[in-house]
Amino acid sequence: MWVNKKKKKSILIVGGFHEARSLANSLLEKDYRVTVVNKNYVDCEKLAEINKLNVIYGDGSKKFILEDADAASCQVAIALTGSDETNLIICEMCKEFFHVEKTVSMLNDPSKTDFFYQMGIDRVVCALNMITNIMEENALMDEMMKMIPLEEGRLHIAETAILHNSTLIGKKLWELNLPKEIIIGCILRGDQSLIPRGDTSVKEGDILLMITSDKQKLNAVKELTKS
């Protein structure tokens, strides 16, 4: 007897190692067909360890790489690179050349949100806005605004991984020697997103998302990555 099986929805993810890995795991659990494109060979090797994940090594802003990733068979394309301009190019190429139904772009600069929508991007996800929303939900936004005067310059999101040899493992956030202008807005721990408190302990493998000013960004990253 012939059975009509519903075809799996195909998702294409370009860039963003940690974000791509977490998102891919979640989508695979929901039985989607997932392809990840990454131009870092080491990252590709690690991503290839995920069961049923299709991994393509290359620059996802190049048409022939998107062809190799079979973008034309995907219903959704998600651009997660660290460059807003590259994410825009990827989404536009997926729409124009491969007729992908829905495109999603990560955005670092929230001032570009309207422009991205005007350019035809279906969904824009701003890291700063996400963390701001999280903090608003936890009644911390007022404290953050007091600590970081927005008029002094644009804020940035810095992502730092806690490696196995880090001296910070086991320390509580209040024990970290960070400038007062630094806010740790979120901790990515496996597939979980944690809202940190002062007594939250740092664990190996954690990804810390920091809200920081330009002047203090490098100092914060240096402190958090020392071993």
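Of the 227 residues in this protein chain, 42% count as buried. I should say at once that the model is predicted. The chain has eight helices and 10 strands. If you take the contacts between residues at least 6 apart in sequence, 59% of them join residues at least 24 apart.

Let me start with the sheet. Six strands make up an open sheet, and their order is E3-E2-E1-E4-E5-E6, with parallel pairing. At the edges are strand E3, residues 54–57, and strand E6, residues 123–126, each of which pairs on one side only. From one strand to the next, the twist averages 15°. For one pair in detail, look at E4 and strand E5, residues 102–107: they run parallel and are joined by four bridges. Ala77, for example, has Thr103 in E5 as its bridge partner.

Now the helices that lie on this sheet. H4 packs on it and touches E1, E4 and E5, and the direction of H4 makes about 175° with that of E5. Helix H1, residues 17–29, lies across E1, strand E2 (33–38) and E4, and runs at about 170° to E2.

Stay with H1 for a moment. What should its 13 residues span at 1.5 Å a residue? The expected value is 18 Å, and the end C-alpha atoms of H1 are 18 Å apart, so the two agree. Which residues of H1 are buried? They are Phe17, Ala20, Ala24, Leu27 and Leu28. Viewed down the axis of H1, these buried residues fall within an arc of 100°, so they line one face of the helix. The general background is that an α-helix has 3.6 residues a turn, so residues three or four places apart point the same way. As for what that face meets, the buried residues of H1 pack against E1, E2 and helix H2, residues 41–47. Just after H1 comes Asp31, with a positive phi of about 70°.

Next, the nonpolar cores. The largest one has 22 residues, and the members that touch the most other members are Leu12, Val14, Val37, Leu66, Cys94, Phe116 and Ile121. Two or more residues of this core come from each of strand E1 (10–14), helix H3 (63–68), strand E4 (76–79) and helix H4 (84–98). H4 gives the largest share, six residues. Apart from this core lies another, of 18 residues, including Ile13, Ala20, Val34 and Val36.

Val37 is worth picking out on the structure. Which residues does Val37 touch, not counting those up to four places away in sequence? The list is Leu12, Ile13, Val14, Gly15, Ile56, Gly58, Gly60, Ile65 and Ala69.

Last, a strand further along the chain. Strand E10 covers residues 207–212, and six of the six are buried, so the strand is largely enclosed by the rest of the structure. Both of its faces are covered: on one side Ile207, Leu209 and Ile211 are buried, and on the other Leu208, Met210 and Thr212 are buried. How does E10 pair with strand E8, residues 183–189, in the parallel or the antiparallel sense? The pairing is antiparallel, over five bridges. One of the residues to find there is Cys186, whose bridge partner in E10 is Leu209. Leu209 is also among the buried residues on the first of those two sides of E10.

Note on methods. Residues numbered from 1 in each chain as written. Predicted model: local features only at pLDDT ≥ 70, side-chain atom pairs only at ≥ 80, totals over all residues. Heavy atoms only, no water. Core = buried A, V, L, I, M, F, W, Y, C linked by side-chain atoms within 4.5 Å. Buried < 20%, exposed > 50% of the residue type's maximum accessible area, 1.4 Å probe, protein only. Contact = heavy atoms within 4.5 Å. Pairing = 2+ DSSP bridges. Axes fitted to C-alpha atoms, helices over the stretch in contact; angles between N-to-C directions. Expected span 1.5 Å × (residues − 1). Arc of directions from axis to C-beta.
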